[in-house]
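Trainee: Could we go through this structure together? I should like to begin with the strands and then turn to the cavities.

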Amino acid sequence: MSDRPRLLPLLGTPRHGSRDAMTCLYRCGNACDHPVPNTSDNAYFGDVVNAEVSRRGVVRAGAVGALVLGFSGAAAGALAGAAPAAAAPVPPMPPAGQPAATGRRPGSGALTFKPIPPNTLDTFVVPNGYDHAVVIRWGDPVVPGAPEFNLRRQTAAAQAKQFGYNNDFVGVLPLDKGGKRALLVVNHEYTNEDLMFPGFTSQDALTVEQVKVAMAAHGMSVVEIERVAGSGQWRVVGSGRRPYNRRVDALSSAFELTGPAAGSSFVKTAADPKGRTVIGTLNNCAGGVTPWGTVLSGEENFNQYFVGGDAAPESEKARLARYGISTTARYPSGSRKWDRVADRFDLAKHPNEANRHGWIVEIDPFDPQSRPRKHTALGRFKHEGANVIVARSGHVVAYMGDDERFDYLYKFVSDKKFMKGDSWVARKHNLTLLESGTLYVAKLDQTSAAEIDGSGTLPSDGAFNGKGRWIKLVSGNRSYVDGMTAAEVLTFTRFAGDKVGATKMDRPEDVEPSLLTGKVYVALTNNTNRGVGSNPAADEANPRSANRHGQILELVEDRGDNTADAFSWSLPIVCGDPADPSTYFAGYDKTKVSPISCPDNVAFDATGNLWISTDGNALGSNDGLFATATEGPERGHLKQFLTVPVGAETCGPFITDDNRSVFVAVQHPGEITGATVDKPASTWPDGDYAKPGVVVTWRLDGGPVGS
């Protein structure tokens, strides 16, 4: 029986914001059509804290020993022309509490660009005084010698050397001291066969070679880029050795498992009886750049790639279901049927294979011969990404979100301390930092529980805020969760969060600490199930029922210590139309802010301003990129910086440390039900058919973006 992949979600079923049905199907396997995986009855809030915490009275994070990867003269060791195994550039640690380059308080300056209006144009729109250019697009050559892209004669061998599909995370790592060359590292989250193959009718009708093409179009790309004529523009280096250029994919690339769950019975398979080597990486969403010059990539909606859950061992079905894998049908709605190529995707034959995905992947872009690693010490769930800060103690702290309705926030604290400097010894040491440490899950208390009614009305204290604590799940090989071993906690982390009563959040996606203040910002995208039926009711951190627009959460660790086990929290931004009384913009005049819906990824510029990209704008306009100050009188003055074409999502973003370039990934342009390659809903960027791509934006006068 043919599985037609363009099926719409069931009528009346909530969806992710205003995502088109086609995106729901290919991006997450129609997750919103399926039951919420978190059916635990854990109390999602602890005891109500009596002490009120005002929005302006939250303890400000102190000096943090943080690292800014950048493009200034001190930013990088000269690596151009170095051997493939050369050490990555590791900039010197700035003095604790180093102020922003402008001398202003971090994130407190006014953003000077004129915000662009919401629109539905099939183009890339930037403010007056700015320009933009496509850096790289689907099918462009990555590995030297890659063939030119041929839409009607795609092969897996060619795609394995070309830029993959649906780029998401973007990282830019400098290659020289002068800021003229860099490595662009990009995730390729998922494929849309409707928009890839002319004449597509169904997954069943694809040839085996076409399935392999799709598998090769997943993964990551590393591409050398160069600055254009001293401006903020960048382009791909098109000639020369380009020794760092690389593709990893879901078809044949090998990954090493590290940490306490590596080699456990949960990750062993017939093809890998030692449980140490995984083939492929799946659904790589957001990520982060580490202080030692590597890139972290989050495996997110990996569940949709597996079939045969109905015939998996009964003992495994609860675990599979908690991760969104169907245990009632061989081919769930939207199945990609990759079992036609590799039977490792058939859980009836290999039930442990699913446990080998859902990890944080670390790739060393400066060593193309190195094997990427999946770090089990950071837990297994639907990782949006991971972002790292070096605490004052020298320990590395990684913050992460589980992008699912009613799932949790996590952080990891390394056992070892970060070693400063760019020596080989330091880099070898730092490459082990994520292999052992302590994993925590967040529990948020609230100050005004009795006043939360799901309407989004501010409590009488004028803020959504409270205290919180990090609950220890596992440290090294020691479990702190009753009835679960360390390997179980790390492999089935969602169950551990359920057991300890972690706070159920509205799809926690990107979680990123400011390297200037140490404060942590969380994009809570939306949750249309909040307060609906028997689902958890609204609470102070998730204050609206049937939440379509999402919110931004700010965490301030106690004493400004990112390794602390307690924090304060607040919601500086509750998204939506500023005219809607349920929205909030840190108390700023709402007549002066831009409307925003469905925050997805966050980033910071060199002065600490917060940049927010969106996914699934539920206000009827295209997705975009927004910016606001995080401190001072301009805090909450949110302004829209750019919009992406019709049907697209804004991913990335990445702002270079000299503040002269803003990179974003335009993901799934034209992904609208009924669209095909031959009848596209978008013709961005080349005027023929839609192609995902990475775009750089810069100021025409060469000045810093934003301010």
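Mentor: The exchange below covers strand pairing and then one internal cavity.

Mentor: This is a predicted model, in which local features need pLDDT of at least 70, side-chain atom pairs count only at pLDDT 80 or more, and totals for chains, interfaces and linings use all residues. Residues are numbered from 1 along each chain as its sequence is written, and side-chain values use heavy atoms, with hydrogens and water left out.

Trainee: How many bridges join β17 to β18?

Mentor: Seven bridges link β17 (residues 437-444) with β18 (residues 465-475), and the two run antiparallel. Strands here are DSSP runs of E of at least two residues, numbered from the N terminus, and two strands pair if DSSP finds at least two bridges between them. Within this pairing, Val441 lies opposite Ile471 of β18.

Trainee: And what is the bridge partner of Arg469 in β24?

Mentor: That partner is Ala566. β18 and β24 (residues 566-574) are antiparallel and joined by five bridges.

Trainee: Which residue has a positive phi in the hairpin of β18 and β19?

Mentor: Gly476 does, with phi near 60°, and two residues separate the strands of that hairpin. β19 (residues 478-479) pairs antiparallel with β18 over two bridges, and Ser475 stands opposite Arg478.

Trainee: Changing topic, which residues line the second largest cavity?

Mentor: The lining includes Tyr521, Pro572, Ile573 and Arg635. A cavity is a set of points on a 1 Å grid over the protein atoms alone where a 1.4 Å probe fits but cannot get out, and lining residues have an atom within 4 Å of a point.

Definitions and conventions: On a 1 Å grid over the protein atoms alone, a cavity is a set of points where a 1.4 Å probe fits but cannot get out, and a pocket is an open set with protein on both sides within 12 Å along at least five of seven lines; lining residues have an atom within 4 Å of a point. Helices (H or I, at least four residues) and strands (E, at least two) are DSSP runs, numbered from the N terminus.
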